[in-house]
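Ready for some practice in reading a protein structure? Take a look at the picture below, then work through the exercises one step at a time.

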Amino acid sequence: MRRARTWLPGLLLVTPSIILIAVFVYGMLGWNFRLAMTDKHDEVSEGEFVGLQNFIDIWDQPRWHLSVQHAIVFTVVFVLGALVLGWLLAFLMEKGIRGEGTFRAIYLFPMAISFVATGIVWRWLMNSGTDERAVGLNRLFDTLGLPQWQWFRDPDWGMAAMALPAVWQMSGYVMALFLAGFRGVPEELREAARVDGCNEWGVYRHVVLPLLRPVTLSALIILGHISLKVFDLIVAVSGKQIITDVPAVFMWVAVFDSHDPAKGATIASYIVLSVAIFVIPYLIWSVRKERRQ
Amino acid sequence: MRRWLVAASITMVSVLGLAACGGGGGEQTAQSPSADSGGKQQVEVFSWWTGPGEADGLAAMRKIFEEKNPTYTFFDAAVAGGSGDKAKALLQSKLQAGTPPDTFQGHAGAELQGYIKAGNLEDLTALYDELKLKEVFPEQLVEQISVEGKIYSVPVNIHRSNVLWFNPGVLKEAGVAGAPKTIDEFVAALEKVKAKGKIPLSIGAEWTATHVLENVLLGSMGADAYNALFKPGADWNSPQVTTALQNFAKIMEYAGDPQDDWQPAAKQVADGEAAFNIMGDWAYGYFHNPPEGGLGKKSKTDFDWAPVPGTEGTYMWLSDSFTLPKGAKNREGAEAWLKVAASKEGQDAFNPLKGSIPARKDADESLYTDYLADALKDWSSNKLAGSIQHGVAVNQPWLAAINEQVGLFLGTKDVKALQQGLADAATANAQ
């Protein structure tokens, strides 16, 4: 009885969330993988087990190749863009400018907006009309005499343009992460470097940046997993058009338009796996680090 | 002991909280469609009529419904998006969750097959007998919407897909004498407009390209060969289809920058920025209705119409219809709505505003003027062909496959791959 007193209250407290996560996260994941391994290609059929057949077959579809390419372009531009911009903002703020709190709030605000609202505004900003038909950014560029773009309707670089709203939205968050990281670097270390004859750039290059590695890694994981499962932004900007197709949109079309649950589940599984590639090494790394401490 | 109590009570509270969340969600959905503050029963009507013109038509029909049925209130569950592409996804999740709307809009024809096969719809044959609807709808229409002798929907209107909208001023400026009659004349006219620096053919989101495709297929192949494409074992690899797809590729070279939906594309024609637009006749209401709901343009001077080149004498039809889902919460209310939707009064209130003609044969012809008078005349004399994009000729998975191929084609411009893709889609889905 006495022993139970020490662990039972804690267990009771976490039980609801354990049950919820077990059912709604792992239960649903398992159900999805099971569905992906059947031939339930319409809503009414029973679905026989076919192993990994769906996972192989999907690579025969040109649309799948296209959506994977799009996801890669989007991820590279979005993750790099947000990291670089966020780092730059944090770097400027770290210098102790006047009104830092205000700037920090301004840069963080976009995060409070949903991707859908961002998408609807940027759909207008990135309208592909040019010259006399230009609106949004093209109108501005036209006035300034800058080249005008097709934005997300560009056949080659459309997905890079699609990443711009996401960069706009998330770079403030990355800035906050880096700013906390910068502040976490003890002043003594910088002083010591300066005393040893290091110039200001050298201080950042050899002292601050290496100490920021864990922050960069967390930012990378967070941005990477948002990017791989992006859906709301794409749908708000362009709907379910092939020109901006990504796996999550393809999944939606497979389930709701093609009425093919097994195909939808297959794509969902691939999305989960691609996110896992990002997240699992991070989890292993952080568990190891905790042990070491 | 105290720690115990605290832990136990927190656990209880969180479990209760969860239960309350779950229950609350359920209650809310149960409540919103069935009862409102006045004690009246709500009827949840699900449609995709939110655009200018179509929303006015729905409002007119709603007024009649509420006058005739003082005990019911109309709950408008419309979801925006041309051709219902967003609405259908939401509908699917409502049906799967077992919380269907009381009645939902669907295109009559093959589109409803999936719902019928999944057992989502109730047989309305009894309602047809009660209202003697088989006598007032054209025989051919009743035949086409019947599945194994049963009817699952009430058609409210007939739309035409194969309409070429054009701006007479822009054509005159470009030196085009009148609406082109054949595909070759059409391409020549597009070229002349292009030379003047205007947009030859305005276009919207990717689905409007599929709309152009169905029209070019019909225009190139003729009604009989087109209709045969949707029979089991049809040959989509034939040379006629190749020619049609080459025409499609040629015509799409003249398309302007894609707009967000069909309305902005139609507006380019009305504003004189573009010469032609291929869109269904729902565009008429948008062109013609006064500025709150439409563009307030004058027909024959600001905009004009003709059958899509090569399709004269054929009426490519589609029909919006309402259904009775199994498990509707307010079944009587839904039936009351279906009765209004089927009535002469309801259809005559709805159609002139929506820009369509009634499915009933006994409509008041004097209400249908201008474009709609032409449409009524053609409907009774022309050959019929079913629309692809609007759910008559193909079921939803087949349509999704065709849209996918058209979307890929817009990127690659590869006619051969398009034909192969369409042929594969037909083999996989024709039944």
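**Exercise 1. Find the element that holds A341(B), and decide whether this residue is buried or exposed.**

Start with the address: A341(B) sits in helix α15 of chain B. Keep in mind that this is a predicted model.

Next, count neighbours. A residue is called buried if 20 or more other C-beta atoms lie within 10 Å of its own. A341(B) has 25 C-beta neighbours inside 10 Å, so it counts as buried.

Now see who is around. Leaving out residues up to four places away in sequence, A341(B) touches M61(B), V154(B), V156(B), F322(B) and G346(B). For a partner from another part of the chain, try L58(B): 283 residues separate it from A341(B) along the chain, yet their C-alpha atoms are 10.0 Å apart.

**Exercise 2. Describe the open sheet of chain B that contains β3 and β13, and give its strand order.**

Step one is the order. The sheet has 5 strands, arranged β2-β1-β3-β13-β6, and its pairing is mixed.

Step two is the rims. β2 (72-76) and β6 (153-155) of chain B are the edge strands, as each of them pairs on one side only. On average, neighbouring strands of this sheet are turned by 30° against each other, direction ignored.

Step three zooms in on one pair. Strand β3 (residues 103-107) of chain B runs antiparallel to strand β13 (residues 320-323) of chain B, with 3 bridges between them. Within this pair, Q105(B) stands opposite F322(B) of β13(B).

Step four brings back the helix from the opening exercise. Helix α15 (residues 331-342) of chain B packs on the sheet and touches β1 (41-46), β2, β3, β6 and β13 of chain B. The direction of α15(B) makes about 55° with that of β1(B).

**Exercise 3. Explain why strand β12 of chain B can be called largely enclosed, and find the strands it pairs with.**

Begin with burial. In strand β12 (residues 314-318) of chain B, 5 of the 5 residues are buried, so the rest of the structure largely encloses this strand.

Then sort the side chains by direction. T314(B), M316(B) and L318(B) point one way from β12(B), while Y315(B) and W317(B) point the other way; all are buried.

Finally, look for partners. Strand β7 (residues 157-160) of chain B pairs with β12(B) in the antiparallel sense over 2 bridges, and there R160(B) stands opposite W317(B). Strand β15 (residues 383-386) of chain B pairs with β12(B) in the parallel sense over 4 bridges, where W317(B) stands opposite G386(B).

**Exercise 4. Name the two domains of chain B and describe how they touch.**

First, the bounds: the domain assignment gives domain 1 (35-157 + 318-386) and domain 2 (163-316 + 390-429) of chain B. Their C-alpha centres are 26 Å apart.

Second, the contact: 29 residues of domain 1 of chain B meet 29 residues of domain 2 of chain B. On the domain 1 side, α2 (54-68), α4 (113-117), α16 (344-354), α17 (371-381) and β15 of chain B each give at least two residues. That side holds 9 nonpolar, 12 polar and 8 charged residues.

**Exercise 5. Sketch the make-up of chain A, then study how α3(A) meets α10(A).**

Count the elements: chain A has 13 helices and 0 strands. Of its 293 residues, 30% are buried. Its C-alpha atoms fill a box of roughly 80 × 75 × 30 Å along the principal axes.

Now take the helix pair. The axes of helix α3 (residues 62-94) of chain A and helix α10 (residues 213-228) of chain A come within 9 Å and cross at roughly 145°. The crossing is right-handed. Residues making this contact include F74(A) and F78(A) from α3(A), and L220(A) and L223(A) from α10(A). By class, the contact has 10 nonpolar, 3 polar and no charged residues.

**Exercise 6. Work out which elements of chain A touch chain B.**

Look at the totals: 25 residues of chain A are in contact with 29 residues of chain B. On the chain A side, α1 (2-36), α3 and α12 (247-256) give two or more residues each. The largest share, 5 residues, comes from α1(A). To finish, sort this side of chain A by class: 12 nonpolar, 7 polar and 6 charged residues.

Key:
Residues numbered from 1 in each chain as written. Chains lettered and ligands numbered in written order. Predicted model: local features only at pLDDT ≥ 70, side-chain atom pairs only at ≥ 80, totals over all residues. Axes fitted to C-alpha atoms, helices over the stretch in contact; angles between N-to-C directions. Left-handed = near helix turned anticlockwise from the far one by under 90°. Contact = placed C-beta atoms within 7 Å. Nonpolar A, V, L, I, M, F, W, Y, C, P; charged D, E, K, R; others polar. Pairing = 2+ DSSP bridges. Buried ≥ 20, exposed ≤ 12 C-beta atoms within 10 Å, placed from the backbone. Domains from an automatic or database assignment.
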